[in-house]
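User: I'd like to go through this one label by label and hear what stands behind each of them. Can you take me through it?

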Amino acid sequence: MNIPLNIDWQQILLHLFNFGILAAGLYYLLYKPVKDFMAKREAYYQQMESEANNKIEEANELHSKYENQLAALDQEMEQKRSQVSREIDVLQEKEIAEAHAMAEQILTDARTMAQQEKTRIVKEAQKEIAEMVSQETEKLVLKSVSDAYDQFLDIAEGSVTDAS
C-alpha cells in the first residue's frame with residue numbers, strides 16, 4: 001500500500017501509539033506527582049495562612065481584651081486617685097482645724113499668762129509704791145520731828161542764853 005506522497009499509515013499509527021505511551025508515561029511519572037506535590041504545597045500554605053489569620057484574630061481579640069482591661073484599670077486608678085485626693089483634703093482640713101485650735105489655745109494661754117504677769121507686776125509695783133510712800137512718809141515725819149526738835153533745842157538754847 002503505497003500512498004502517494006509516501007505517507008505510510010502504519011508508520012503514522014505507530015508514531016501515534018508511541019506518542020500515546022510517552023504521554024501516558026510522562027503523565028504518570030512527571031505530571032501527576034508534580035501536580036500532587038503542588039496541590040499538597042498549596043494546601044499546606046492555605047493551612048498556614050488560615051492558622052496565621054486565626055492567630056491574628058486571637059491577637060486582635062487579646063489586644064482588645066487588654067485594652068478594655070487597661071481602660072478599666074485606668075478608670076479604677078482615677079477613682080482611687082480621686083478618693084485619695086478627697087482623703088488628703090479631709091486630713092488637711094482636719095490638720096488645719098487642729099492647728100487653728102492649737103493656736104487659739106496658745107493665744108488663750110498667752111493672754112492668761114500675760115494677765116497673771118500683769119497682775120503680779122501691778123501687785124509688786126503697789127508694794128514698792130507702798131514701801132516708797134512709807135519710807136518717804138517716815139522721812140518726812142522724821143524730818144518734821146527733827147525740825148521740831150531742832151526748833152525746840154533752838155528755843156531752849158535761846159531761853160538758856162537769855163537767862164544767863
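**Labels and their cut-offs**

Analyst: Sure, starting at one residue: Glu-157 is exposed, with a relative accessible area of 53%. Before we go on, this is a predicted model, where local features need pLDDT of at least 70, side-chain atom pairs count only at pLDDT 80 or more, and totals for chains, interfaces and linings use all residues. Residues are numbered from 1 along each chain as its sequence is written, and side-chain values use heavy atoms, with hydrogens and water left out.

User: Why is Glu-157 called exposed?

Analyst: Buried means under 20% relative accessible area, exposed means over 50%, and partly exposed is what falls in between (1.4 Å probe, protein chains only). Glu-157 has 53%, so the label is exposed.

User: What makes Glu-157 part of a negative surface patch?

Analyst: Asp-147, Asp-150, Asp-154 and Glu-157 form that patch. Patch members have over 30% relative accessible area and no salt bridge; like charges are joined within 9 Å, and nonpolar side chains (Val, Leu, Ile, Met, Phe, Trp, Tyr) within 5 Å. Asp and Glu count as negative, Lys and Arg as positive, while His and the chain ends are not counted. Each charge is placed at NZ of Lys, CZ of Arg, CG of Asp or CD of Glu. With 53%, Glu-157 passes the area cut-off, so that part of the rule is met.

User: Which residues make up the nonpolar patch?

Analyst: Ile-7, Trp-9, Ile-12, Leu-13 and Leu-16, with about 490 Å² of accessible area together. Areas like that come from the Shrake-Rupley method with a 1.4 Å probe, and for residues only the protein chains shown count as cover. Take Leu-13: its relative accessibility is 56%, so Leu-13 counts as exposed.

User: What is the secondary structure of the protein chain?

Analyst: One helix and zero strands. Helices (H or I, at least four residues) and strands (E, at least two) are DSSP runs, numbered from the N terminus. Helix H1 covers residues 9–163, and among its residues are Leu-13, Gln-79, His-100 and Glu-157.

User: How do you know that Arg-81 and Glu-78 meet in a salt bridge?

Analyst: A salt bridge needs a side-chain nitrogen of Lys or Arg within 4 Å of a carboxyl oxygen of Asp or Glu. For Arg-81 and Glu-78 the N to O distance is 3.4 Å, so the pair qualifies. The two are three residues apart in helix H1, which means a separation of about one helical turn. Glu-78 has 45% relative accessibility, so Glu-78 is partly exposed.

User: How many salt bridges are there in the whole structure?

Analyst: The search finds four. One of them joins Glu-117 and Arg-120 at 2.1 Å, N to O, and these two also sit three residues apart in helix H1, about one turn. Another pairs Lys-139 with Glu-136, with the closest N and O atoms 3.7 Å apart; 3.7 Å is within 4 Å, so Lys-139 and Glu-136 make the cut. There's a network too, linking Glu-117, Arg-120 and Glu-124.

User: Why is Lys-139 called exposed and Glu-136 partly exposed?

Analyst: Lys-139 has 52%, which is over 50%, so exposed it is. Glu-136 has 43%, between the two cut-offs, so Glu-136 is partly exposed. Glu-117 at 34% and Arg-120 at 37% are partly exposed as well.

User: How do you know that the protein chain isn't a compact globule?

Analyst: The radius of gyration is taken over C-alpha atoms, and the globule rule is 2.2 Å times the number of residues to the power 0.38. For 164 residues that would be near 15 Å, but the protein chain has 68 Å. The C-alpha trace spans about 225 × 30 × 20 Å along its principal axes. Buried residues make up 0% of the chain. As for pairs in space, His-100 and Leu-62 are 38 residues apart in sequence and 56 Å apart, C-alpha to C-alpha.

User: What about the surface and charge totals?

Analyst: The accessible surface is about 15,400 Å², of which 62% belongs to carbon and sulfur atoms. The chain has 17 positive and 30 negative side chains, and the centres of the two sets lie 12 Å apart.
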